Amino acid sequence: MKPEAKRILETADALRRTLPEDFRDRLVESLYAEAEAITRRVVHLEGDPLSWEERIDRIVTHPLWGLPLMVLGLAVIFWITIVGANYPSELLAAVLFAIEDLGSRAFAALHVPAILTDFLWHGVYRGLAWVVSVMLPPMAIFFPIFTILEDLGYLPRVAFNMDWLFKKAGAHGKQALTMAMGFGCNAAGVVATRIIESPRERLIAILTNNFVPCNGRWPLLIMLGSLFFAAVVPPRFRSLAATGAVLGAVLVGVFFTFLVSWLLSRTLLRGEPSAFTLELPPYRRPNVLRILYTSFIDRTVKILWRAVYMAAPAGGLIWILANVQVGSRSLVQILAGWLQPLGHLIGLDGMILLAYIVAIPANEIVIPTLIMGYTGARTMVELESLEALRHLLVDQQGWTLLTAVSLMLFAVLHNPCSTTILTIWKETGSKRWAAVGTFLPLAVAFATTFVVATLWRLLGGG
Amino acid sequence: MNFLAAGALLALAGLAGWWLASGRQRYRARRRETLEDTLKFLAGHDAEGATVEALAGYLHLGDRTTRNLLDRLHRQGLVRLQGNRILLTPEGRRQATRILRAHRLWEFYLSYTTDLPLQDLHRLAEKQEHRLTPEQLRDLAARVGHPLRDPHGDPIPDEAGTLPLVAPGKPLTDVPAQTWVQVVHVEDEPADIFAQIVAEGIDPGTVFLVLENLPTGIHLRLDGRDLWLAPIVANNISVQVLPEAPPRPLPRKTLADIEPGTWVRVARISPRIQGLLRRRLLDLGFTRGARVKPVLRSAFGHGDPTAYWVRGSLIALRREQAREILVQEDSHETAPPA
């Protein structure tokens, strides 16, 4: 080292030792003083910038209607998504399945072996087509609406409203924001926990994020809501009843988020609640173009892409399971038979559990796998109408209200998908926490559905 | 079939080898930890030396194991014996200082980057101090700005092993009645006494008035509260006597006590808040002299959290944080927000 450099370093070191204890405080003070001086020179305030924002804040954080407003907002978003996604979903399915027809016919014309055509078009491609047509429309509706709320500055107010509950559970108010992300995708929700600085609270948020049903689990909730809850009300109120059922399932998930957070902060992750600072940003007019861009490119397309490359191999696996015969039965039927006793115990059946095992990579394919298993079809089938689905599940397979309730609970509470598990592993840097994040929800799901099914049967229900 | 059996055997042998190797590694790591803990203990009793019994008690080891350990240290030239007293050689002292530096730097680093409570830092540093290489230590020190003291107020040795000059303190038990003192250091062991001190709100930098000093305990006044400390607790607090009472009466009001709509000025952030949280509060604008007004109280948590208007933004704090921000009445009640 040059003598000059050495002298400079030594001087710096000597000076550093003469710094007062609170030099960091003073540094920030001087920075702010400078900023204030500049502001005074160049910024001129007219009127009270607080007044109208304060008025809105008083409404959205009101003791009486603050929370109902929040739940109502959630319900409206679900309702718009359910009603709005219906038609484009059907249209998309029609187009994509027409492509399947064309493709398989083209293969036949080219004399490609039938088994390859079958595997690629009726296995892999059909899995893809199903996932895209079921997932894309709700995502394309849900994400922009949600991004608008985010842009408005409403979500931090939700965190503000809910913090007292999170505090009681030993968790962090910002967990509300990560849960909101979880509605779209749990893997995204797990990544979003980076906004929580305290390691303990962040782990709680990571391990419980799964209790918020993600986009991939909605089709099932919506289907069950429509089949079992909407069917018993006049047609006019069907979409409302479906919304109510989905909302109920979501609230159950939120309840378990708090319960498990509370349990974790008293057992595995014991500790004092740490600091909470949250900025409530000013309300802003949402920027429509940016919302469309971020919600579509950053979220919808990314998540869809993930679902696609998870669903394609799953589609292939289902095809193989359904087409390999042992004796007179296919592998699907044999495996479902093994799982039947366990399924029955928790109000479900073997086929549903098998569908959930196959759907570990992507929860979106639970419904098509189920239908395929039940109908004995060699490939995933699309049932034309809700009525046909109802006929299959209720009349042929003997689903009851208990099955619907148990399945909804299981769908909300069960283990996260493989992407989320991988994300937990990456974010925590620990296989152990990834295992806890996987098996804890699974145990909660089994315990809850078991208790519900047992009580239901004891009380003489189905 | 033979093929399979051979494969299985090979796999088993591999597994056993791995298990043995990792066991050996773990054993070595543990032995090093014991050695380093010994050096640390001896450094703490450098003036008069320590007895074998005291060391054995500290390490929770039997007398024979302790003697073997000392033999090894002696062979490595790290300790010397004087009568029945064990003393560190210069080389031993150098190594002990390095571990001390690792321990205190790690504590500072944790408090600088995470929200972990003060009580947890010591426990985590006890493990990490054995794992940091000299290069890592250098990086760490540079990253957190070459701190001079750890969060407990203990000096952090520099790379050469010299301790920065620290204002000489004396135990709180030696302070006469009716004196103003400032805490310079809080001993972090034993953990339960340390937790008690922290819970009372006493940290390095805290200023208070000693009212009475009796054999049964110390009576003091801190931020308007009257406290009694047992002598065993007070003995773990080192203080510096202040020549006179602080110029301004220390404010007793905190942000948590202010009614919504009232403007106040920040007097200071309690010294209890350190590291990441202190920097965050400062960055958000809670600096000395900043005008603050509580605006929005959470209706469900009965004002916990509350949102404050500070420097043109709305910041929500939980009561625990608001209670650590001391404030003064604002003399210009009607002035527009700065």
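**Salt bridges across the model**

Over all chains of this predicted model, a search of the whole structure finds 19 salt bridges. Begin by selecting Asp57(A) and Arg157(A), which form one such pair, with the closest N and O atoms 2.7 Å apart. This salt bridge links distant parts of the chain: Asp57(A) sits in helix α3 (residues 51–60) of chain A and Arg157(A) in helix α6 (residues 154–168) of chain A, 100 residues apart.

Next select Glu197(A) together with Arg280(B). Their side chains meet in a salt bridge at 3.6 Å, N to O. Across the interface of chain B and chain A there are 7 salt bridges.

**The interface of chain B and chain A**

Colour the two chains separately and show the residues where they touch. On one side are 45 residues of chain B, in contact with 39 residues of chain A. The two chains bury about 3,800 Å² between them, and 58% of that area is on carbon and sulfur atoms. Which three residues of chain B supply more of the area it buries against chain A than any other three? Select Leu296(B), Phe300(B) and Arg318(B): they supply 21% of it.

Polar contacts can be displayed next. Between chain B and chain A, 13 residue pairs are in polar contact, counting pairs with both residues at pLDDT 80 or more. To see which elements of chain B are involved, select α4 (90–113), α9 (275–284), β10 (291–297), β11 (306–310), β12 (313–317) and α10 (319–322); each supplies at least two residues of the side of chain B that touches chain A. The largest share comes from α9(B), with 8 residues. Colour this side of chain B by residue class and it divides into 22 nonpolar, 10 polar and 13 charged residues.

Keep β12(B) on screen and add strand β1 (residues 277–280) of chain A. These two strands pair across the chains in the antiparallel sense, over 4 bridges. To find the register, pick Leu278(A), which stands opposite Ala316(B) in β12(B).

**Domains of chain B**

Hide chain A and colour chain B by its domain assignment: domain 1 covers 2–88, domain 2 covers 170–241 and domain 3 covers 255–329. The C-alpha centres of domain 2 and domain 3 of chain B lie 27 Å apart. Their contact takes 8 residues from domain 2 of chain B and 4 residues from domain 3 of chain B.

How much area do domain 2 and domain 3 of chain B bury between them? The figure is about 400 Å², with 43% of it on carbon and sulfur atoms. Select Gly201(B), Asp203(B) and Asp223(B), which supply 60% of the area that domain 2 buries against domain 3 of chain B, more than any other three residues. A search for salt bridges between domain 2 and domain 3 of chain B gives a count of 0. The count of residue pairs in polar contact between these domains, both at pLDDT 80 or more, is also 0. By class, the side of domain 2 of chain B that touches domain 3 of chain B has 2 nonpolar, 3 polar and 3 charged residues.

**The sheet of chain B**

Now show strands β3 to β8 of chain B as a cartoon. The 6 strands form an open, antiparallel sheet in the order β3-β8-β4-β5-β6-β7. Its edge strands are β3 and β7 (225–229) of chain B, each pairing on one side only.

Walk across the sheet from the β3 edge:

- Strand β3 (residues 170–171) and strand β8 (residues 237–241) of chain B pair over 2 bridges. Lys170(B) has Val239(B) in β8(B) as its bridge partner.
- Strand β4 (residues 179–186) of chain B is joined to β8(B) by 5 bridges. Pick His185(B) to find Ser238(B) of β8(B) opposite.
- On to β5 (residues 207–214) of chain B, which 4 bridges join to β4(B). Here Thr179(B) stands opposite Val210(B) in β5(B).

When side chains are turned on, bear in mind that in a regular strand they alternate between the two faces of the sheet.

**Two backbone details in chain B**

Zoom to the loop between β10 and β11 of chain B, which holds Pro305(B). The peptide bond joining Asp304(B) and Pro305(B) is cis, with omega about 5°.

Finish at the loop between α2 (52–59) and α3 (63–75) of chain B, where His60(B) lies. Is the phi of His60(B) positive or negative? The value is near 55°, which is positive, in a residue other than glycine.

Methods
Residues numbered from 1 in each chain as written. Chains lettered and ligands numbered in written order. Predicted model: local features only at pLDDT ≥ 70, side-chain atom pairs only at ≥ 80, totals over all residues. Heavy atoms only, no water. Domains from an automatic or database assignment. Contact = heavy atoms within 4.5 Å. Buried area = accessible area lost by both parts, 1.4 Å probe. Salt bridge = Lys/Arg side-chain N within 4 Å of Asp/Glu carboxyl O. Polar contact = N/O pair within 3.5 Å; in protein donor to acceptor, adjacent residues only side chain to side chain. Nonpolar A, V, L, I, M, F, W, Y, C, P; charged D, E, K, R; others polar. Pairing = 2+ DSSP bridges.
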